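Welcome to a short tour of a protein structure. The sequence and the model come next, followed by a walk through some of its residues, its pockets and its ligand.

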Amino acid sequence: MTFVKSAKALVEAGLVQDVGALDAVAKRYAIGITPAVLELIDRADSNDPIARQFVPTEAELLTTPEERADPIGDLSHSPVEGIVHRYPDRVLLKAVHVCPVYCRFCFRREMVGPQGLGTLTGPELDAAMEYIAAHEEIWEVILTGGDPLVLSPRRLTGLMQRLAKIEHVKIVRFHTRVPVVEPERIDEAMVEALMSSGKTTYLAVHANHPREFSPAARQAFKRLFDGGVALLSQSVLLRGVNDDVETLAALMRGFVENRIKPYYLHHPDLAPGTSHFRIGIEEGQALVAALRGRISGLCQPTYVLDIPGGHGKADIGAATVSGGDGCFTVRDWQGGEHAYPPE
Ligand code: SF4
């Protein structure tokens, strides 16, 4: 079981030829590749979409003027350490800032990893729980980070039992890459821990390419679903990974075939050193429009942009309706335009 965590280890694993500038990249952004991901990487393909997501490149040393350390403005909505309260009825609870893998396009790359914000201390976690308990408008708690599933089932159960005591919290949602990148962690104890609050539990699986649905990942999804966890997807639209309609269609169908409802397709955020991953919004809209009609309505994600500065998410899917004053032009999935109401 080899975990790759340094520039030197990338060479030893045959993922790059030499360390070159990658030591400089590693000083700024964490490196992490799990054995499951190593198995998925096609070393013969210099454009492998799996390698592109996890193997660092020199391109990360370029920070463009519009990029920012906190691209979605978490810090401006953080009343206490570990809590982001951007919308009235829900909070993010960021208990850990560690992940099993470190995605090269990560929107929180300045906060996660060994040089990141670390794990909440006991008193910080107490303060976060007190904040949730004191705000009765909080209906949903979203555990993200970092990846909350790096916590042991015992520690997760401890967290869940604290949330269980807060009556107004009805939904607990996890955002995670673990079922795909470290599927062996999804055992019976983990599923029990996820369900141990007695609340309705959702888990948003992060995957960006259909090849990520390995047999072990499929088994992990099944274990979660059979254990009572409702499954959603989240993906990032990434240049060189999934910026073509065939790949996106296969990805969304792959989710649905695994009983995961497509939820968010994120426009890439303005994270530092990630310009090589970004596509234009018009290009993204065209791709999302091409999914309509081509694949079932069950497979359609919502294409969203996290507005820089902490202003929340906006649906930026293909503008299919224009006009006003009771008269609209509606565009169908083939680009045809129709008056509504009909003339
Ligand atoms: S798993 Fe999520 S938080 Fe962790 S590096 Fe990847 S995108 Fe960032």
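A good place to begin is proline 272, which lies in the loop between S7 and helix H11 (281-291). Please keep in mind that this is a predicted model. Is proline 272 buried or exposed? Its relative accessibility is 2%, under the 20% limit, so proline 272 counts as buried. Apart from its neighbours within four places in sequence, proline 272 makes contact with Arg28, Tyr29, Thr63, Glu67, Arg68, Ala69, Arg109 and Glu110. Arginine 109 stands 163 residues away from proline 272 along the chain, yet 8.0 Å separates their C-alpha atoms.

Another proline to look at is proline 341, in the segment after strand S12 (337-340). Proline 341 has a relative accessible area of 45%, which lies between 20% and 50%, so this residue is partly exposed. Its C-alpha atom is 7.2 Å from that of phenylalanine 328, and the two residues are 13 apart along the chain. The peptide bond that joins tyrosine 340 to proline 341 is cis, with omega about -5°.

A cis peptide bond also runs from glycine 145 to glycine 146, where omega is near 15°. You can find glycine 146 in the loop between S3 and helix H6 (153-164).

The backbone of arginine 259 is worth a look too: phi is near 65°, a positive value in a residue other than glycine. Arginine 259 belongs to the loop between helix H10 (245-257) and S7. With a relative accessibility of 37%, arginine 259 counts as partly exposed.

Now for the spaces in the model. Here are their volumes and the classes of the residues that line them.

| Space | Volume | Lining residues by class |
|---|---|---|
| Largest pocket | about 750 Å³ | 19 nonpolar, eleven polar, nine charged |
| Second largest pocket | about 510 Å³ | ten nonpolar, eight polar, nine charged |
| Largest cavity | about 50 Å³ | six nonpolar, no polar, two charged |

The largest pocket has a volume of about 750 Å³. Its lining holds 39 residues, and Phe107, Arg108, Thr144, His175 and Gln234 are the closest to its centre. Which elements give two or more residues to this lining? They are strand S1 (83-87), strand S2 (90-94), strand S3 (140-144), strand S4 (171-176), strand S6 (230-236) and strand S7 (261-266). The largest share, four residues, comes from S1.

Where does the ligand sit? The ligand is found in the largest pocket. Around the ligand are Cys99, Val101, Tyr102, Cys103, Cys106, Arg177 and His206. By class, this shell has five nonpolar residues, one polar and one charged.

The second largest pocket is lined by 27 residues, and those nearest its centre are Leu15, Val16, Ser46, Val55 and Thr57.

Finally, the count gives one cavity of 30 Å³ or more. Lining the largest cavity are Tyr29, Ala30, Tyr102, Cys103, Arg104, Cys106, Arg109 and Val112. Some of these names have come up before: Tyr102, Cys103 and Cys106 are among the residues around the ligand, while Tyr29 and Arg109 are among the contacts of proline 272.

Conventions:
Residues numbered from 1 in each chain as written. Predicted model: local features only at pLDDT ≥ 70, side-chain atom pairs only at ≥ 80, totals over all residues. Heavy atoms only, no water. Near = heavy atom within 4 Å. 1 Å grid on protein atoms, 1.4 Å probe; cavity = no way out; pocket = protein on both sides within 12 Å on 5 of 7 lines; lining within 4 Å. Sits in = over half its atoms within 2 Å of the grid points. Nonpolar A, V, L, I, M, F, W, Y, C, P; charged D, E, K, R; others polar. Points joined across faces, edges and corners; volume = space filled by probe spheres on them. Buried < 20%, exposed > 50% of the residue type's maximum accessible area, 1.4 Å probe, protein only. Contact = heavy atoms within 4.5 Å.
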